[in-house]
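Subject: Structure handover

Hello,

Here is the structure we discussed. Please open it alongside this note, and my findings follow below.

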Amino acid sequence: MSPKECQIADWREIGLTDGLAGKALSYFNERRSDCAEAEIWADTNAYLQGREQGLKSYCQLGNAAQLGLRGEPYEGVCPPAVDQEFRRRYRIGLDIHRFNVEIGRL
């Protein structure tokens with residue numbers, strides 16, 4: 001993030017956006033580091049609240065296969081209660097995606 005982005009950041013909204021996209025917590029650490037270089041401190045609590053809300057939508061089991069079908073990565077961000085089934089459905093979608101890519105290549 002740029003210093004200007006850090007100054008006007010709505011940390012809850014940034015967390016929500018990252019959660020909805022299934023971003024790992026390491027994205028926040030990078031953002032926080034960028035802002036710290038500009039001597040602007042991230043609101044960790046607001047970010048985490050937004051991210052948690054976003055992950056509730058992202059981690060719906062119905063989204064897992066669609067994520068795989070699009071060939072998007074899954075960064076293991078869903079809670080343990082749904083992670084195993086989310087990963088199973090994601091892998092099915094990802095396998096289909098890979099088959100489609102291979103068919104297109106042939």
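Where is the place of Glu39? Glu39 sits in the loop between α3 and α4. One caution before the rest: this is a predicted model.

Let me stay with that loop for a moment. The phi of Glu39 is near 60°. That is a positive value, and the residue is not a glycine. Glu39 has a relative accessible area of 67%. The cut-off for exposed is over 50%, so Glu39 counts as exposed. Ala38 is also placed in the loop between α3 and α4. Its relative accessibility is 28%, so Ala38 counts as partly exposed. Ala38 and Lys4 are 34 residues apart in sequence. In space, their C-alpha atoms are 9.1 Å apart.

Now the overall picture.

The protein has six helices and zero strands. Read from the N terminus, the order of elements is α-α-α-α-α-α. The radius of gyration is 17 Å, whereas the globule rule gives 13 Å for 106 residues. The first value is well over the second, so the protein is more spread out than a compact globule. Along the principal axes, the C-alpha atoms fill a box of roughly 50 × 35 × 15 Å.

Of the 106 residues, 30% count as buried. The accessible surface comes to about 6800 Å². Carbon and sulfur atoms hold 51% of that surface. Take the contacts with a separation of 6 or more: residues 24 or more positions apart account for 62% of them. On charge, there are 14 positive and 16 negative side chains. The centres of the two sets lie 7 Å apart.

Next, helix α2.

This helix covers residues 11-20. Its buried residues are Trp11, Ile14, Gly15, Leu16, Asp18 and Gly19. What covers these buried residues? The cover includes α3 and α4 (44-58). Asp18 deserves a look of its own. The relative accessible area of Asp18 is 3%, so Asp18 is buried. The side chain of Asp18 makes a polar contact of 2.6 Å with the side chain of Tyr47. Beyond four places in sequence, Asp18 touches Lys23, Tyr27, Arg31 and Tyr47. Just after α2, Gly22 has a positive phi of about 70°.

Leu25 follows in the loop between α2 and α3. At a relative accessible area of 36%, Leu25 is partly exposed. Not counting residues up to four places away in sequence, Leu25 touches Tyr47, Leu48 and Arg51. Tyr47 therefore appears in the contact lists of both Asp18 and Leu25. Leu25 and Ser57 are 32 residues apart in sequence. Their C-alpha atoms are 16 Å apart in space.

Then helix α3, residues 26-37, which holds Asp34.

Asp34 has a relative accessibility of 30% and counts as partly exposed. Which residues does Asp34 touch, not counting those up to four places away in sequence? They are Met1 and Cys6. The side chain of Asp34 reaches the backbone nitrogen of Met1 at 2.5 Å. Asp34 and Cys6 are 28 residues apart in sequence, yet 8.1 Å apart in space, C-alpha to C-alpha.

Last, helix α6.

Helix α6 spans residues 80-105 and includes Asp83. Is Asp83 buried or exposed? Asp83 is buried, with a relative accessible area of 15%; the cut-off for buried is under 20%. A polar contact of 2.6 Å joins the side chain of Asp83 to that of Arg87. Leaving aside neighbours within four places in sequence, Asp83 is in contact with Tyr74, Gly76 and Cys78.

If you look at only a few places, I would suggest these. Start with Asp18 and its side-chain contact to Tyr47. Go on to Asp34 and the backbone nitrogen of Met1. Then see Asp83 with Arg87. Finish at Glu39 and its positive phi.

Best wishes

How values were computed: Residues numbered from 1 in each chain as written. Predicted model: local features only at pLDDT ≥ 70, side-chain atom pairs only at ≥ 80, totals over all residues. Heavy atoms only, no water. Helix = DSSP H or I, 4+ residues; strand = E, 2+ residues; numbered from the N terminus. Buried < 20%, exposed > 50% of the residue type's maximum accessible area, 1.4 Å probe, protein only. Contact = heavy atoms within 4.5 Å. Polar contact = N/O pair within 3.5 Å; in protein donor to acceptor, adjacent residues only side chain to side chain. Rg over C-alpha atoms; globule rule 2.2 N^0.38 Å. Areas by Shrake-Rupley, 256 points an atom, 1.4 Å probe, with all protein chains shown as cover. Lys, Arg positive; Asp, Glu negative; His and termini not counted. Charge placed at Lys NZ, Arg CZ, Asp CG, Glu CD.
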